[in-house]
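Trainee: I am new to this structure. Could we look at it together?

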Amino acid sequence: MALASLARRKAYLLSRNLSNSPADALKYSFSLSNFSRGFASGSEENDVVVIGGGPGGYVAAIKAAQLGLKTTCIEKRGTLGGTCLNVGCIPSKALLHSSHMYHEAMHSFASHGVKLSSVEVDLPAMMAQKDKAVSNLTRGIEGLFKKNKVNYVKGYGKFISPSEVSVDTLEGGNTVVKGKNIIVATGSDVKSLPGITIDEKRIVSSTGALALSEIPKKLIVIGAGYIGLEMGSVWGRLGSEVTVVEFAPDIVPTMDAEIRKQFQRSLEKQKMKFMLKTKVVSVDTTGNGVKLTVEPAAGGDQTILEADVVLVSAGRTPFTSGLGLDKIGVETDKAGRILVNDRFATNVAGVYAIGDVIPGPMLAHKAEEDGVACVEFIAGKHGHVDYDKVPGVVYTHPEVASVGKTEEQAKALGLNYRVGKFPFLANSRAKAIDDAEGIVKILADKETDKILGVHIMAPNAGELIHEAVLAINYDAASEDIARVCHAHPTMSEALKEAAMATYDKPIHI
């Protein structure tokens with residue numbers, strides 16, 4: 001690390017009261033030197049054992065090894081990457097992209113002067129491309145384990161003491177892995193609904209929805225959250241008639257209300273149907289298809305919906321089954337989440353937890369940050385994750401991305417704020433590529449101009465949001481973004497113009 005960078009890092013730590021005494025500074029300096037050595041050897045006991053090889057777990061394991069700690073990662077699936085890589089984020093994004101290409105070929109190519117005599121879906125080839133992406137990435141993580149000398153044990157781990165994990169290996173044997181520090185990173189599982197049995201054929205979770213052997217004529221999605229809308233988009237683009245059933249009055253209830261309304265209109269234009277404030281009463285699979293009996297959430301007349309496939313996407317729940325947490329006395333809350341302090345430590349000495357098994361956003365990138373911070377604390381360093389500054393993205397088309405507070409949250413907190421908005425209809429790059437649906441919305445404190453929240457609905461909103469994430473992390477003002485020169489023509493200019501609209505006036509509208 002360059003001297004200037006080290007100085008800035010120390011100043012940053014001091015500003016956050018993470019090192020405010022000579023003793024703390026000495027401890028920090030000792031940590032830097034102590035954990036920059038090579039790996040410990042000659043002992044069966046690990047410095048760090050990680051249970052779970054998902055985004056939180058494998059990142060924690062690699063970071064621990066990089067800090068010079070002898071590390072073992074235990075993963076029951078047999079492939080690394082967890083739900084995200086194997087049956088979640090990565091395969092879903094592969095199918096979202098493939099289905100978008102097909103949809104563009106069917107509906108947009110001609111207007112750009114590209115004419116095709118025929119277009120058809122080769123679903124097996126589409127699935128093969130998805131599977132190839134997954135397998136390449138899982139092998140890549142195994143390569144990173146070897147590079148960083150992380151020991152990898154394939155099997156189901158459970159506590160037999162706060163420092164010992166019994167592993168039933170996939171080969172059929174059993175081994176005990178010992179660790180001075182053990183991190184639980186077992187992620188989450190699909191939340192089930194009463195009276196509905198997921199068979200991954202006609203009634204599927206997101207896992208089954210990623211592996212359908214044919215395109216359903218009618219697909220019903222139970223739940224209007226991120227996952228349900230993304231998977232509904234995939235099959236809707238490929239030709240399915242998609243109906244989304246949601247108990248709540250709105251889709252994606254955590255989203256800024258103004259953006260949410262525009263987002264729903266966009267999905268409806270793509271022929272996605274919504275039944276909000278609707279309760280699923282029962283499911284009948286005795287025939288060839290599936291029959292759903294639904295009624296208004298407040299009560300009323302029942303309706304029967306028919307579908308070829310039903311996707312249950314009602315959220316996720318922490319996966320801690322069979323870990324033996326109760327045996328060693330680890331505390332959990334009513335939702336089954338493991339309770340930790342601000343250093344990710346449980347009430348049991350030497351046992352930590354990160355990612356979806358603890359409170360906070362159930363997001364892969366949040367779990368990664370948890371993993372790094374947790375290991376840094378174990379190594380005597382200073383970790384930091386601010387859950388108020390974690391971005392969220394819905395990977396439909398257009399995408400919706402956000403960071404910070406919604407307008408509803410700002411109002412509830414009694415904040416005095418300004419709002420700046422800029423539509424992509426006035427953005428030259430968006431108009432040039434004929435993909436101009438969407439908006440940027442910025443909230444900033446009225447007195448200080450400090451950015452409180454940014455919400456973007458646009459193609460590639462998930463990429464555009466990170467300028468806002470960085471700005472919020474550095475407590476930037478909307479004027480700071482407005483006065484940064486943005487390349488022309490780019491979609492990012494819409495963020496600049498929205499920032500100009502927040503503190504003054506935009507130029508191009």
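Mentor: Happy to! Let's start with the hairpin of β12 and β13, which has six residues between its strands and where Gly-299 takes a positive phi near 100°. Helices (H or I, at least four residues) and strands (E, at least two) are DSSP runs, numbered from the N terminus. This is a predicted model, where local features need pLDDT of at least 70, side-chain atom pairs count only at pLDDT 80 or more, and totals for chains, interfaces and linings use all residues. Residues are numbered from 1 along each chain as its sequence is written, and side-chain values use heavy atoms, without hydrogens and water.

Trainee: Which residue in β13 does Val-294 stand opposite?

Mentor: Two strands pair if DSSP finds at least two bridges between them. β12 and β13 (residues 303-307) pair in the antiparallel sense over five bridges. Opposite Val-294 in β13 stands Thr-303.

Trainee: And which residue in β12 is the bridge partner of Val-280?

Mentor: Here β11 (residues 278-284) pairs with β12 in the antiparallel sense, over six bridges. A hairpin of five residues joins β11 to β12. The bridge partner of Val-280 in β12 is Val-294.

Trainee: Is Asp-356 buried or exposed?

Mentor: Asp-356 lies in the loop between β16 (351-353) and α11 (364-378). Buried means under 20% relative accessible area, exposed over 50%, partly exposed in between (1.4 Å probe, protein chains only). With a relative accessible area of 14%, Asp-356 is buried.
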